[in-house]
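Me: I'd like to learn how to read a structure like this one. Could you walk me through it?

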Amino acid sequence: MAEIGTDIQKAARLLKRGKLVAIPTETVYGLAGNAFNEEAVLSIFETKNRPQFDPLIVHSSGVEWIKEHVAEIPSLAKTLMDEFWPGPMTLVLPKKSIIPDLVTSGLDSVAVRVPKHPMTHDLLQLLDFPLAAPSANPFGYVSPTTAQHVNDQLGDKIDYILDGGPTTVGLESTIIGFEYGKPIIYRLGGLSMDVIEDLIGPVEVSLNQSSDPKAPGMLKSHYAPGKPLYFGNPGEMITDFEGKRIGFLGFMTRLEFLPPNRQLLLSPRGDLHEAAVNLFAFMRQFEKFPVDLILAERLPEIGLGKAINDRLRRASVNS
Ligand code: TXA
Ligand code: MG
């Protein structure tokens with residue numbers, strides 16, 4: 001198992017030596033390595049068992065640094081950075097050649113982000129390179145929101161996990177790209193669409209639903225927990241599973257016809273932020289429950305509900 005601790009200096013030393021360190025961010029834990037070091041980047045892909053066609057996000061401590069890594073910043077991107085960084089937003093911008101092709105899977109754009117977590121902010125300031133960091137989970141599995149989640153799955157493959165406590169957002173960053181200067185959301189995430197649209201007006205959403213491994217970016221099947229998850233209306237779905245032990249992942253209200261100890265509610269008080277924070281940890285908890293399958297209820301399609309539904313849909317075997 002990996003060492004879990006809060007020693008930022010130690011994390012910096014390891015990263016400078018080309019090693020990987022799991023780092024806390026406000027969204028999910030990342031598996032970080034020196035973005036300029038191809039060996040380190042390669043070991044990120046290997047450790048996660050992630051195909052190299054799926055590009056990584058590059059993390060820096062501030063906007064000044066981002067300018068060193070990207071060739072151009074459209075004016076709307078500037079507006080978004082000024083408002084939402086540090087925070088749960090990633091921008092896809094034309095890359096400078098200093099960013100290795102391995103990081104971007106050969107694309108001429110790079111995904112960049114300034115995370116909002118004091119520990120990782122301090123860590124980045126000790127380094128003279130940015131950190132390439134995907135979520136610190138094996139490829140295709142649920143993202144980690146605690147240091148222990150990372151240790152459970154990648155503990156025997158990495159040296160150190162920087163423990164910054166449970167993450168406060170719980171969903172991966174919202175990814176925004178620009179096509180002909182027009183912003184496009186590629187991944188719904190911890191920064192909700194309405195907050196973005198309040199600032200810059202209507203934004204198109206183009207989620208990659210592809211299951212084609214040649215297409216870089218978000219694969220359709222992702223975030224899967226260890227048990228089959230069915231997404232939709234539990235009352236309708238339940239008739240298909242007579243005789244099975246059913247778990248219920250709901251929003252506010254339990255199902256009367258199931259034992260209470262097989263149910264988890266994301267937010268009994270109906271708070272979508274709380275639901276986002278709980279989502280991935282609860283998906284993991286069902287693995288230890290005596291259930292054969294999980295029914296996951298569709299949340300209201302507002303605010304963070306859209307991103308939560310997106311994750312549940314991708315995690316599901318039925319949609
Ligand atoms: O919140 C987050 O974004 C977390 C934390 C650790 O920062 N990171 C994260 O990374 O979720 P990851 O690797 O699990 O997801 C990054 C996604 C990739 O799957 C890919 O779809 C997209 O970012 N991406 C990266 N570079 C891209 C590019 N140049 N163009 C389009 N999409 C890109
Ligand atoms: Mg991921």
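Reply: Sure, we'll take the sheet and then the ligand site, keeping in mind that this is a predicted model.

Me: How do I read the sheet, and in what order do the strands run?

Reply: In general, strands of a sheet pair through backbone hydrogen bonds, either parallel or antiparallel. Here 11 strands make an open sheet with mixed pairing, in the order 1-8-2-3-7-4-6-5-9-10-11.

Me: Which strands stand at the edges?

Reply: Strand 1 (3-5) and strand 11 (204-205) do. Each has a single partner strand, so one side of each lacks a neighbour in the sheet. At the strand 11 end, strand 10 (residues 182-187) pairs with strand 11 in the parallel sense over 2 bridges, and Ile-184 sits opposite Glu-204. Helix 8 (residues 193-200) packs on the sheet there, touching strand 9 (174-179), strand 10 and strand 11. The direction of helix 8 makes about 175° with that of strand 10.

Me: Now the ligand. Which residues come nearest to ligand 1?

Reply: Look for the shell first, then the polar contacts. Of the 23 residues around ligand 1, Thr-27, Arg-50, His-59, Ser-173 and Arg-187 come nearest. The shell splits into 11 nonpolar, 7 polar and 5 charged residues. Strand 6 (109-113) is among the strands supplying at least two of them, and its 3 residues are the largest share.

Me: And what polar atoms face ligand 1?

Reply: A side-chain N or O atom of Ser-173 is 2.5 Å from an oxygen atom of ligand 1, and a polar side-chain atom of Arg-50 is 2.8 Å from an oxygen atom of ligand 1. For Ser-109, a polar side-chain atom lies 3.0 Å from a ligand 1 nitrogen atom. Overall, the protein covers 94% of the 680 Å² of accessible area that ligand 1 has on its own.

Key
Residues numbered from 1 in each chain as written. Chains lettered and ligands numbered in written order. Predicted model: local features only at pLDDT ≥ 70, side-chain atom pairs only at ≥ 80, totals over all residues. Heavy atoms only, no water. Near = heavy atom within 4 Å. Polar contact = N/O pair within 3.5 Å; in protein donor to acceptor, adjacent residues only side chain to side chain. Areas by Shrake-Rupley, 256 points an atom, 1.4 Å probe, with all protein chains shown as cover. Helix = DSSP H or I, 4+ residues; strand = E, 2+ residues; numbered from the N terminus. Nonpolar A, V, L, I, M, F, W, Y, C, P; charged D, E, K, R; others polar. Pairing = 2+ DSSP bridges. Contact = heavy atoms within 4.5 Å. Axes fitted to C-alpha atoms, helices over the stretch in contact; angles between N-to-C directions.
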